[in-house]
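The exercises below are meant to be worked through with the sequence and the model side by side. Each task is followed by a solution that goes step by step.

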Amino acid sequence: MNLIEPHIASLFGLHLPPRLALFLTLAFIIFLFRRDIREKPDVSGALWLPLLWLVLVCSRPVSAWLNIFGLPVSGGGSVEEGSPLDACFFLALAMAGFCVLSNRQLQFSEIVSKNGWLIAFFLYCFISIAWSDFPFIAFKRWTKIFGHPIMALIVLTEPDLGEALRRLMKRCAYVVVPVSILWIKYYPQLGVGYDELGNPMNRGIAMGKNLLGGDCLILGFFFFWHLLQTWRAERSTQRRNELWLIAGFFIGISWLLKEAHSATSTISLFVAILIVVFVRIRFIKKFIGTYILAALVLLIVAELTVGLSGRLSESLGRGSTLTGRTELWAHALEVQSKLSNPILGAGFDSFWLGETRQAVAAFYAKWNPGGGHNGYLDTYLNLGLIGLSILIVLLIATFWKIRLGLFRDFEWGRYRLGFFAATLLHAWTETTFGTVGPLWFVFYIIALDCPQTQLMTAQPSVEVSRSEESRELAYATGEP
């Protein structure tokens, strides 16, 4: 990485007049979408719904976009309450997606039976609104994640799942990456923000630098997975052009990761790439469950004995407290033990509101934290031990489904495995689970087991796929 950074820096060191840069960026985005549509991919028009959903959760809500375009919209009584317009728009998108799924005649009862723990966690988030001190705010926030499973099912029930995933991620990158670069370089009033301590942060199209890092994690991992598939394709002009496209977006994403200074996303992306590469090895694929369990045990032991995360943070120049995160976690747990129910939690997305948030902020002179920067901790604070237990079982069940999927559709399986590992790591220092963020949306795509997916996914040959599946399953079970 250090060898290519000077070349990336020199490439992005060019400075153009802002209006010219805006024109070239818009022209580039139009060119990419025109090229995409002219390829006539085997996807339905309904895929534009999850694309719009993903772009919004990767960037900014509708009210923020309207403000940017000169149409000021009231955001409600406070930042905590959010905008009713955003909640209504997300709900409208979710209902439109539900209509699409109804026309596809999905057996929702079968979906529920195949994804019991995912549905249980989703419903428990809704039920916990009942004991929140801010039920209306919690409900509005829950409506924003209501569309995650719906939009994920639209992608999973497309005629060709692999093609649908490629088009979804590429089209999202066509917007997120160029606009983020444009705003950071030429429109800092949009692309550069300031934290509560007054420190500048490059956020690009997203609401914050960590959210931009999450966008880069999702798109960077996808393009690496897409590169592995494209590289093995037959030599052609289309393959060459696709490789150039991948290389260009790799450069852009690398630059954005560097500007965002998101160590969590960078490390998660690196680990996800390693898993995608090494899971190809036959004996690793066969015993992937054993290796993952051993790795988790080693990480836990290293954390308890030598403080692995702190030492890694120090090596990245962030200090042994993970940029103050460990202190925040201790304060949040102290407040939780006094003011909140450890069994049920504060209610969905409600701990960092009102009295409990003020109690944590009392430990600081200027900072008023709005989250725990730890997905597991925030789940415990909001949903209690019950919610955290459901989440842990959900993660175990999801890994088991992904492991079995490796022997049915290897390319899709290793994409799911790599992103699953990245999500687990990302959640250690960022709020990830049960949020409106893009990582939780993509998690639904990899975690949902859709009954029609295997029937609708295009396969090169029924006979070949069946024979390959039989061989893989036999290998996994040790049969001759």
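A residue is called buried when its relative accessible area is under 20%, exposed when it is over 50%, and partly exposed in between (1.4 Å probe, protein chains only). The model is a predicted one, in which local features need pLDDT of at least 70 and side-chain atom pairs count only at pLDDT 80 or more, while totals for chains, interfaces and linings use all residues. Residues are numbered from 1 along each chain as its sequence is written, and side-chain values use heavy atoms, with hydrogens and water left out.

**Exercise 1. Describe the salt bridges that involve helix H10, and state whether their partners are buried or exposed.**

Step 1. A salt bridge is a side-chain nitrogen of Lys or Arg within 4 Å of a carboxyl oxygen of Asp or Glu, and the whole structure contains 13 of them. Helices (H or I, at least four residues) and strands (E, at least two) are DSSP runs, numbered from the N terminus.

Step 2. Begin inside the helix: Arg166 pairs with Glu163, with 3.2 Å between the closest N and O atoms. Both residues belong to helix H10 and are three residues apart, about one turn of the helix, and both are buried.

Step 3. Turn next to Glu242 and Lys170, whose closest N and O atoms are 2.8 Å apart in a salt bridge. Because Glu242 lies in helix H13 (residues 237-260) and Lys170 in helix H10, this pair ties together parts that are 72 residues apart in sequence; Glu242 and Lys170 are both buried.

Step 4. Arg167 and Asp36 also form a salt bridge, at 2.9 Å from N to O. This pair links distant parts of the chain, since Arg167 is in helix H10 and Asp36 in helix H2 (residues 18-38), 131 residues apart. Arg167 counts as buried at 7% relative accessibility, and Asp36 counts as buried at 0%.

Step 5. Put the pairs together: Arg35, Asp36, Glu39, Glu163, Arg166, Arg167, Lys170, Arg171 and Glu242 are linked in a network of salt bridges.

**Exercise 2. Which residues have the most contacts inside the largest nonpolar core, and which helix gives the most to it?**

Step 1. A nonpolar core is a set of buried Ala, Val, Leu, Ile, Met, Phe, Trp, Tyr and Cys residues joined through side-chain atoms within 4.5 Å.

Step 2. The largest such core has 127 residues, and those with the most contacts inside it are Met169, Tyr415 and Phe443. Helix H10 (residues 161-186) gives the most to this core, with 17 residues.

Step 3. Take Tyr415 as an example, with contact meaning heavy atoms within 4.5 Å: leaving aside residues up to four places away in sequence, Tyr415 touches Leu165, Met169, Phe221, Phe222, Trp225, Val442 and Ile446.

**Exercise 3. How many disulfides are there, and how far is the nearest cysteine sulfur from that of Cys172?**

Step 1. A disulfide is a pair of cysteine sulfur atoms within 2.5 Å, and by this rule the count is zero.

Step 2. For Cys172, which is in no disulfide, the nearest cysteine sulfur is that of Cys58, at 4.1 Å. Cys172 is buried, with a relative accessible area of 0%.

Step 3. Cys216 is likewise in no disulfide, and the nearest cysteine sulfur, again that of Cys58, is 9.6 Å away. Cys216 is buried as well, with a relative accessible area of 3%.
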